[in-house]
Every structure is written in structure tokens, then in C-alpha cells.
Amino acid sequence: MSDAFEPTIIAFCCKYCAYAAADLAGSMRLSYPANIKISQVPCTGRVDIVHLLKAIEDGADGVYVAGCMEGDCHFVSGNLKALKRVTCVKKTLAELGMEPERVEMFNLSSAMGPRFAEIAIEMTDRIRKLGPSPVRRQPQPEAAAE
Amino acid sequence: MTENVIGSAMVVGGGIGGIQSALDLANAGFFVYLVEKSPAIGGVMSALDKTFPTNDCSMCILSPKLVEVGRHRNIRLLTLSEVESVAGEAGNFTVTVRERPRYIDVEKCIACGKCAEKCPRKVKNEFNQGFSERKAAYVPYPQAVPLKYAIDAAHCIYFEKGKCRACEKFCPTGAVNFTQTETLHHIDVGAVILSPGFSPYNPAGVDRYGYGVLPNVITSMEFERILSASGPFEGHLVRPSDHQEPQKIAWLQCVGSRDIREDAHGYCSGICCMAAIKEALVAMEHAGSGLDTAIFYMDMRTHGKGFEQTFNQAREVAGVRFVRARVHSIEPADSHDLKITCFLDSGELHEEIFNLVVLSVGMEISKETRQLAEKLGVAVDSDGFAATSGFSPVATSRPGVFVSGAFAGPKDIPQTVVEASAAASASAALLAQARNRLTHERTYPDAMPVSGQTPRIGVFVCHCGTNIAGIVDVPSVRDYAQTLPDVVFATNNLFTCSQDTQQSIRQAIVEHGLNRVVVAACTPRTHEPLFQETLQEAGLNPYLFEFANIRDQNAWVHQKNPEAATQKARDLVRMAVARVSLLEAIEPLKIPVNPVALVIGAGVAGMSAALNLADQGFEIWLIERESQLGGHARQVRQIWNNEPVQPLLSCLIERVQNHESIHCLTGAEITAIDGFVGNFSTKVQTHQGLHTIAHGAVILATGGQPLQTTEYLCGQSGRVTTWHELEYLFDQYPEKLASATGIAFIQCVGSREPERPYCSRICCTASVQGAIRLKEKKPELRVVIFYRDMRTFGQREALYQKARGMGVIFIRYSAEDKPVVEVDAQGGLLITALDPILDRRLQIPVDYLNLATAIVPTEGQKQIAQMLKVPLNDDGFYLEAHVKLRPVDFSTDGVFVCGLAHYPKPIEESVAQGQAAASRASALLVKESIDIAPIVSVVDESRCIGCGLCEASCSFGAIRLKKVTGKGYRAENISALCKGCGVCAAACPQQAIDMKHFRETQILAALCAGAAA
């Protein structure tokens, strides 16, 4: 199963840098796995712990947040706040017995199309190696009984 | 001036300068005709790969401006057009414009590209510098505005042989029209702005470079296209002769510039040093490790904001080799390689083989531009640049005709943008009484109420020609969309952005009663505003729209995997549909604008800004800390072109002081600034008392100051002076000059040092001019200038040539081996320094030493920045919103910057930047109220527990706790300050804060649809 495993990965991208970098990867015709689905947010500071956990709960095998370079946040420090939340979610996952590497924070500028593609490849490889999310693996047999 | 002032202007030239002028004027209440001789606007910038110093993708930052011009109601584009003549006078001109036929009806063309596909005639693609081919039916480049094809009559088979017309046969919309003829337009305008730009120097036929003979000797413009992802080799770094990847590339600087031979130009082109550094860095990025890059130069002129840092990084981190040598010849070597011969600093002959040589060609004024100037009666100087004055840098010799960009002297993009805005504000001041007379406001039908209604979603899936449909199975995505909840209509379009598709979207909204729309296409970054406007035209609130990015983030990046791309397109559409079904109508937030501007600092920049705005009819408060107006310019003697500063400055001060709309407060200190765009309130303390001023905009012109240094005995010896002090000393005590035999200048004192890495830009010119003045007064005086790189950029180079001609001695030193200054036995000064040409340490006795110390920000700058929450860069200068295209704006609306507070600059640039800041401010001040982005956070007071985490997390002071009787504290949002980042919503532990358009439910709906693949 794991040979054919194609993970679903959600990427929260801020409008000013990461989303623009993703577009640039496109205009440069770079190639990266189709597993990444981007959700645009005005700033990574909008991304809440709940969003990251909910992505996993809903069946994503990995989720990452991509914001501006540190110090370059369009909204001063939203990306630093996002980093704190990602760190917190990693801890929570570890406590739940899940791999914290399923969640990650990246920083890149709008001119870094190649870096965007690199991150997409890196995350897809990482999640492929980890295998399907345990939430998906065990479709919560007892949860419904609650 | 005429009484019949016309409320429109003509901008000639559709490069970045013309675009900026057009947008500024059109947004300030004037109708604009933008005349461009080629089929599309964009100019040189559209052909650049990246822009220095940030290496932003040139097209990415330009494209939104192109789109804005193309869509602007108050800009009429005249492409393939040239100005024939201008009759009349300032305020009331009649311009005759000759428009050549496009042979394609722009109203009908949907830019599908069929005509080009079927056209049998291939011609060299000039946009790609001839490295690729295009057809005779073509668009200049993929992002062209207007995105309309044109038929190149010079190469069309039908025009040559009388038959073919394949394009006409295959055009799906019948847009090809071979009967079109030339049209003469007679257009009445109040002002004319010339921004025809430059031509790159053409080195063909100049023996020493071998250009045109040796295939691997190329120009910098050609190299830009080679680097470009959308260029002839798709960004793959190869050389022309064999399409192999070069291992060694050389850049030769000053090709056609700083060269007094007949076939070149004596002036410095000002931009080529940075362009070469950028190209070397980008080339290394493309090639990966192992690429050897060498730049052969005379002086590295990295005198702009952030330039020196890029130079340092290129040298110290990236490993670009900088070789100080003027290459005298390029010869062919084996296998198309090239042998470069030059003399190194040490005097030794150096030969080196390169695979590719890039000629950093300079700027020149084309024959056509010179003819244009002649036709219009606009004076040019001997280099062909428009003649201007230091205190009116954008006014030509003909009243009512203004100039911007490279036509007024060699310059880079930010300075062009500054001048373009300045030319717009100079025009606006001339035409102020006719403002809003010829412009049209866009009106929309009342939006239908949708709240409470079941979503009825329409999905439009774009082929984007073959961009998407070549990879993604578009019909299957459309069919899939049809099956999604609440989708009542789905269709596919060849080009969803075309005019006729907008019509069909409007129709679908009405016919199917749609109350939500999803477009699956290119990217919202460029096209969301277009579709939102279409929704508004159909009576739908623009926020009931969602974009599925299936081109830039799907078809283009998954070209090798069409199946996966199709599946992902379905997923993205599902996410968009899930989100759009929960989106709500958002009403615009209108805030009133107080049409008063506060200008902080009354140097030339601040006074220029104040005077222009006052001439435009606005009330101005001009705040100056010192007791008199004028700032540092009071001490400056000459503009670089030798115009005396003091008479011009007195005239400016007098006009400012006598202007009835300008209130000057001198000896004044700002103690507090509150408020936001349109509605600021500032407290100013003067000797008379405390003033509270209400205003709608702020212009920061707080200036700069020379660094106080202790280097080189400064402060210890009365013979060591800085900046203007030496000449004032001689003015006061002429006998000191009379008895002096030697004078020295030392450059870069405190600049280009590790703790202050930037170049102060103006010091080389200032010292060279000072040296010339001293030589003129006393020719036998020995004058020595110790410098690191002589940065007399642009036409200032003539001063450097003149000084050398007069016998001023220039001795170069390095940061590691600075001159040493001692007091000698006679009480004079003894300077010891290594002369790199002689390779000997010299001892030079002088009577006086003048230091060109760094220009640093004023002490108050930091406090003002904190009051307004605007950023400073590492060097303490204000950091503008975008270094290239928004050089006087901040990301904080309503606040603008000009003059030395932004970066060290000469007077004429300060004046231009002051006028540019006025232009940007006027676009705000002319409006009674402005719409601010309504995507803001909202507080549900009933859930708020008053913990204050939101207030602590907000970087903009847009959310604060207020006291609520009986409940303690509750959070309150100040929408006008809210930037819409959503940090507070994520920070709130009670989920009492949500953010419009990015509500919790909306984010989760998309997330859930995406995760559940």
C-alpha cells in the first residue's frame, strides 16, 4: 500500500509571499508533486492551531504553513506567530503519538519560486515516507459510539 | 497661461515611467491618453528578468500595473501610435497623434492565438532579442497589455504578395481586418508628459568588442532574455553559439559609456554596475555551483539604496570576481570561446578565456526621441537628454510639457518612477482647476441581497488557450463541478478573462440566478479584480467570489502529469465551491478624507512637496524644527550641472512662505501623531504653544545629516573640515586659501564601512565639484581626492573628466588600507597613502583636509517612525512600500516619504521625490472619502472575556480594550487601522474574534474539502 501511497497535503500560504512564490513556480514552469493543495490566507498569522489540527482530523496526511521570510512579514510579525502555533501543534501531535513532522513551517519570499517547488517536493517525500496519517489509517472505529 | 484649462493629459511612452504618470494622473481626477509606439505597453522593464537589488521578478511586479492601466476607465491607450505635433500652450494643447493600423480589431480579438498559429511567416522575435522567432501575427509578449494580437505589415505575406490571409480565415471571431488604415487623432489635453525612455547602446560595428561577429559576445539586454523563464531558452542558461551551458562568463562594464570616443558616450549610464551584479547573481542561481563570473569594471558604482550591500554580498558570499580593468579587446579563441586581454591594476597584462562575454551596454537617446523633442520644441543637451533645471527636474524648456525617466538623464527604475509621479503632480498643479472635469466615475447597479438565500453557485473553468487545457481535461473538471453541492451552473471558456466572457458571466448570473461565482483559471493575483468587477456589474457583491488557481499552481507545475493535474483541478474547484458557499457580501468601508496635508521637514524635498500640493489647491501645514526654512540646501553651492543653488532656493522659500495655502511652523517639534489615513491628528509644539492639526495625509521629509567623525584628526585639527566647511572657511578667511598650496579630500568617511555599509551617493560629486571650484579660484593649488570608487554617476561623469583635465589628482585607496593623516612639524597635515597605480606609498603634505562623511538619518526619524508605525531599514532610513515601484509610499496608507530621510540624494532628486510624494498624496486628498479594504476583523462582544491577547497581538493598534460598564473590558476593533491579517482572530482563546472573508467556517470548509481527497 505504501508504494502507491499518494499523500494529501494542505499548504496554508500567505497572500504576499508564499502564494506569490507558488505562482512564480508556475510561471517558471517548475515541477513538483500534485499532492500539495494550497489554501490562501491573508497572513500566516491567521492560521490557528485549530486549522492545523482540523486538517489532520479531516484526513490530510500533512499540513504546512508557508509565510514571508522572518522580518519581512507584510503584517510585521504574523509569520512568527504562525511559527509558534506550528511548534505547539507539533508538540500536541507528539503527545497524541503522531509524527510531529507532519506539520511544518516554512519561510520564503515572493521571488523564491524554486524554493516553493523544493518545499513541495521535500514535504511530499517526507509524508510519503511517514505513510498515511494514522487518522486515515484507522478510521476511528469507536469514535461514532461516543 | 490660458484660461481654458483642459482636464486631461497626454503621456508619451508606455514604459514604467509613462505607466506611473498615467495612473497617478488618472487617480487624481484627470483623463489620460497614453501613447505607445509599439503594440503593447511595458517598455524595457517588461523584457528584464529580475530587478536589482531585491531580484524581484520584473514581470511579476510590473504586470499588476499593466493590468491596472489596461482596465482604468480614465486612461485611454493609444498603441502603435506616435505624436506628430503639439500645438497650443500650457493648459490647452492640441496634440496630433498618428496611429498605425493593427489589422486586428481589438474589440473582437480574444487573444486565442489562432492567427499566430496559422500564420506561415516566421520573423525574429525582437522581444527575445532575436534569439527566437515569432510570427507576423503576434503579441509582443505573453502578458502584454492590451492582450491583443497585431499583424506586422512589414513581414506579412499578404502585404508582400497580395495573398495568404490565413489568419483571417482561421480567426474565430472575425477580428482580422486588412482594410484598417492609418488614423490621425487630434486630441485636446492640458499637459504633456514625455517618457519615451532610452535605447540600449548598440555595440555592433565597434571593432573592439567583436559584437555581431563573435556569436558569444552578447549585450546585457540579450542576457536578460536568456535568463528569463519566459525567454527563448526558458531560463536555461546557455550561450548562443552552441546552446551549451557556459562555465565562465565575463561582464564588460561601461560599454558605450564613460568612453569619450566618437562611437560612444562620455556619460555614465548609472545602472549597468548593478545590472551586471544582478545578472551575475541570477546566472549563478540558474547554473548552480561551479559557474565562474567576472565583472571587469573601472569603478563599481553601486550608489543606490541597498546597492552596496548587494555588491558586498556578490563579492564576499556569492564569489563574483570583480576585476578592475578596462578590457581593450575581445578575440576569438577555440570552440567559440573568447579571449579577453586587459591590464590589471598591478600593470601586468592579463589574458583570460571565457565561454560567454556580456557587454554591459549603456543608455542612449534614440534618433526618434531626438526628433520627437525637436517636433515639440523641447530643448535637449549635447547628450540628447531633455534639458531640465535642478529645482524643476521634470519641467522641459516648453511650459506645460514635462519629462520623466531616462529621457531626462540615465537612471534606474525607482528614480524613473519618482520622476513619473513628479511629472504627474507638476501636470496636476497646472491643471488643478479642471480636475474631475473629464473623468468618469465607475458606477454599479445596486447589489442584490443574498443573505439568507440558498447558495446558487456558478463555476467557470478556463482553458487559458492551451495553458490549462493542454494539460488539464477542462471539460471533465466542468462536469465534476456540476456535481458539487449548490452548483447550479458550470461551463468552460477558452479565455475566461476575455471581454466577451465577462458578458457571458453577467448573463449567466442573471439567467441562472447565481449568487456565488467560482472561476477556475490562472491566479487571483492578477485576475481577481477583473472578475469581482464583473460580479458588481451584474449586481452581485464582489466578495461572493472565489478563485481556483488551476494554472499557475496546477497546470504549469504538473505538466508531466496531466492526470494528476486534472484530479487536482477538481480538488481545487471543490475547495473553492465549499468556501464560496459560505462567503458573505461585505459592504465597503468608507472613511472621510480631510483634504489637508502635513509635511514634516522644510528642506527642499518637504518644500517641493508642500508647494506642489498647495498649487494643486490643498491646505498644507509645513513643520520645521529649525528656525528657518531650507534645510541642508542652504549650504550647497551648485547643482551637478553648475546651476547656483542659493538663488533658486531663496525663490522656493519665498514661494512657500507667501503661498496662502501653506502654514509654516518653524522651531516646531512633533509630540504626537494619532489617527489613520484620511484622518490624522498631530500635536506640534512651538514657541507659541501647542498646535493640534487635523490632516488627511503625512509626508515625511525629515532630512538627513552628515556623520560626525573623529577619523582623520577630525575635531582635533582645525585644518580638518567636513563637507561645506572648507569653502566657508576660505570665504571667511580668503588669506587661508591664498597661502595654501595643497588641499585634500577623503571620500567614504563612515560610508561603505561594516557598520554603515551603504554608499552616501552624493559625496563624490560634491567633492569633485568642490575641487573644481578651488582649482578655478587658484589653478596652481594642488588638489588631491582620495577615493575608493569614483561615483560621479550619470552625466555627473563630465565633472570627473573636467576635474582630471584641470589637474585634480585622484588617488584610490581601499577600505583595508586607508590614508593616514598626521600633523607635520610645520603644523600642516601630512597624508600617507598607497598609490595603487604607482604601487608606492606616497607622502603628501597639504594645508587642509576636507572629509566627505556619510549622510545619516536625523535623530528624530526613529520617533516619527514609531508614532506612525512605519518601518526603517537597517541603516535607519525610512523603508518604502516597494523599493522599485513604490519609492515614496509606505505600506501604511496616507503616509509618504521624500528626500534624505529616504536615502542620501542630490537636490534635484529630492525635489523630484518631494513632488512625487505630493502626487501620491493628492490622489488620496482629492477624494471626499475613500474605500478601505473591508476585510477586517470583527469582535463578538458577547463572547469576549476582555483578556487582551488580541490587543497584544495586533501590530497596528487596530484592536484595543475598552471599558464596558458592569463588564470590565471588552475588545473593540478600529476598522480603519485594521490591515486584515487575522492575527487577532487566531490569538483569541474565546473565538470571539472572526475575520470577514476569512471566517473560521469559511477556512474550515475549504480545508475539509481539500483534506478529504
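**Two chains, questioned term by term**

Guide: Let's start in chain B, where helix H6(B) makes a left-handed crossing as it passes H7(B). This is a predicted model, in which local features need pLDDT of at least 70, side-chain atom pairs count only at pLDDT 80 or more, and totals for chains, interfaces and linings use all residues. Residues are numbered from 1 along each chain as its sequence is written, while chains are lettered from A and ligands numbered from 1 in the order in which they are written.

Visitor: What makes the crossing of H6(B) and H7(B) left-handed?

Guide: The label goes to a crossing whose near helix is turned anticlockwise from the far one by less than a right angle, and clockwise would make it right-handed. H6(B) and H7(B) fall on the left-handed side. Both are helices by DSSP (H or I runs of at least four residues; strands are E runs of at least two; numbering starts at the N terminus).

Visitor: And why are H6(B) and H7(B) called roughly parallel?

Guide: The axes of H6 (residues 220-227) and H7 (residues 272-287) of chain B cross at roughly 30 degrees and come within 11 Å. The axes are lines fitted to C-alpha atoms, for helices over the stretch in contact, with angles from 0 to 180 degrees between N-to-C directions. Under 35 degrees counts as roughly parallel, over 145 as roughly antiparallel, 65 to 115 as roughly perpendicular, and the rest as oblique. That makes H6(B) and H7(B) roughly parallel to each other.

Visitor: Which residues of H6(B) and H7(B) meet?

Guide: Ser220(B), Phe223(B) and Leu227(B) come from H6(B), and their partners in H7(B) include Cys272(B), Glu279(B) and His286(B). Contact here is a C-beta criterion (C-beta atoms, placed from the backbone, within 7 Å). By class, this contact has seven nonpolar, two polar and one charged residues. The bins are simple: Ala, Val, Leu, Ile, Met, Phe, Trp, Tyr, Cys and Pro are nonpolar, Asp, Glu, Lys and Arg are charged, and the others, Gly among them, are polar.

Visitor: Why are H16(B) and H23(B) oblique?

Guide: H16 (residues 604-615) and H23 (residues 907-925) of chain B pack at an angle of about 40 degrees, with their axes 7 Å apart. That angle fits none of the other labels, and H16(B) and H23(B) are therefore oblique to each other. Their crossing is right-handed. Among the residues that meet are Ala605(B), Gly606(B) and Ala609(B) of H16(B), and Gly914(B), Ala917(B) and Ala921(B) of H23(B). The class count is nine nonpolar, eight polar and no charged residues.

Visitor: Which way does H20(B) cross H21(B)?

Guide: H20(B) passes H21(B) in a left-handed crossing. The axes of H20 (residues 763-777) and H21 (residues 797-805) come within 9 Å and cross at roughly 40 degrees. Val768(B) and Ile772(B) of H20(B) take part, as do Leu799(B) and Tyr800(B) of H21(B), among others. This one has six nonpolar, two polar and one charged residues.

Visitor: What makes chain B as compact as a globular protein of that length?

Guide: Chain B has 26 helices and 52 strands. Its radius of gyration is 30 Å, close to the 31 Å that the globule rule gives for 1013 residues, so the description holds. The radius is taken over C-alpha atoms, and the rule is 2.2 Å times the number of residues to the power 0.38.

Visitor: How does chain A do against the globule rule?

Guide: Chain A comes to five helices and four strands, running β-α-β-α-β-α-β-α-α from the N terminus. Its radius of gyration is 15 Å, close to the 15 Å given for 146 residues, so chain A is also as compact as a globular protein of its length.

Visitor: How many residues does each chain bring to the contact?

Guide: 38 residues come from chain A and 47 residues from chain B. H1(A) gives the most to the chain A side, with seven residues. That side divides into 19 nonpolar, 11 polar and eight charged.

Visitor: How confident is the predictor in chain B, by mean pLDDT?

Guide: The mean pLDDT of chain B (confidence per residue, from 0 to 100) is 95, and 100% of its residues reach 70 or more. Chain A averages 88, with 91% of the residues at 70 or above. Over residues 140-146 of chain A, pLDDT stays under 50, and the model has zero contacts there beyond four places in sequence. The model scores ipTM 0.94 and pTM 0.85.

Visitor: Where is there a cis peptide bond?

Guide: One joins Phe52(B) and Pro53(B), with omega about -5 degrees. Another links Val145(B) to Pro146(B), where omega is about 0 degrees.

How values were computed: Contact = placed C-beta atoms within 7 Å.
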